Amino acid sequence: MGFKLAVVSQVEKGELTYKQAQKAYGIQGRSTVLVWLRKHGSLDWSRPLVHTMPKSKETPAQQIKRLEKELEDERLKNQVLNKMVDRFDREYNAGLRKKYLPKPSRSSGNKSK
């Protein structure tokens, strides 16, 4: 009984997960430690734990400002990368850029009868 209580105490304190406790002490059975936690632990197992998303502390105006800043950062990063690819293409004739060829329109041209 003392061993069970020691394992339960370690798991509840966060020193070990229940899986780590099983492995460390050679406890067989997938749910043995969980059963001990329910029987001998101090946590309330009567109702399931509901995980909710934490409320954002940003106001809508702050969020918009942050997103605008992120967008500008991405635009600058994209601009730098494009300049790097252009320079690489010029200096090494690498042809990294794909040529854009517009697809022929279905409504124009010859139609099969």
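This is a short tour of helix packing and aromatic pairs in a predicted model.

**Stop 1: helix 1 against helix 3**

Start by selecting residues 2-13, which make up helix 1, along with residues 32-40, which make up helix 3. Turn the view until both axes are clear: they come within 9 Å and cross at roughly 90°. The two helices are therefore roughly perpendicular to each other.

Now show side chains where they meet. From helix 1, pick F3, K4, L5, V7, V8, V11 and E12; their partners in helix 3 are V33, W36, L37 and H40. Colour this contact by residue class and you get 8 nonpolar, 1 polar and 2 charged residues.

**Stop 2: the buried face of helix 3**

Stay on helix 3 and keep just V33, L34, W36 and L37, which are buried. Look straight down the axis of helix 3: the buried residues fall within an arc of 160°, so they line one face of the helix. What lies over that face? Bring back the neighbours, and the cover over the buried residues of helix 3 includes helix 1 and helix 2 (18-25).

**Stop 3: F3, W36 and Y25**

Next up, the rings. The model has 3 aromatic pairs. Zoom in on F3 and W36, an edge-to-face pair with 6.0 Å centre to centre and 85° between the planes. F3 sits in helix 1 and W36 in helix 3, so this pair ties together parts that are 33 residues apart in sequence.

Which of the two, F3 or W36, is buried? W36 is, because its relative accessible area is 12%, under the 20% cut-off. F3 is partly exposed at 43% relative accessibility. Add Y25 to the selection too: ring pairs link F3, Y25 and W36 into a cluster.

**Stop 4: F88 and Y92**

Finally, jump to helix 4 (residues 60-92) and select F88 and Y92. They are 4 residues apart, about one turn of the helix. How are these two rings arranged? Their centres are 5.0 Å apart with the planes at 40°, so the pair of F88 and Y92 is tilted.

Switch on the surface to finish. F88 counts as partly exposed, at 39% relative accessibility, whereas Y92 is exposed, with a relative accessible area of 56%. For a last look, put this tilted pair and the edge-to-face pair of F3 and W36 on screen together.

How values were computed
Residues are numbered from 1 along each chain as its sequence is written. This is a predicted model: local features need pLDDT of at least 70, side-chain atom pairs count only at pLDDT 80 or more; totals for chains, interfaces and linings use all residues. Side-chain values use heavy atoms; hydrogens and water are left out. Axes are lines fitted to C-alpha atoms, for helices over the stretch in contact, and angles run from 0 to 180 degrees between N-to-C directions. Angles under 35 degrees count as roughly parallel, over 145 as roughly antiparallel, 65 to 115 as roughly perpendicular and the rest as oblique. Contact means heavy atoms within 4.5 Å. Ala, Val, Leu, Ile, Met, Phe, Trp, Tyr, Cys and Pro count as nonpolar, Asp, Glu, Lys and Arg as charged, and the others, Gly among them, as polar. Rings of Phe, Tyr and Trp (its six-membered ring) pair if their centres lie within 6.5 Å; planes under 30 degrees apart count as stacked, over 60 as edge-to-face and the rest as tilted. Buried means under 20% relative accessible area, exposed over 50%, partly exposed in between (1.4 Å probe, protein chains only). The arc is that of the directions from the helix axis to the C-beta atoms.
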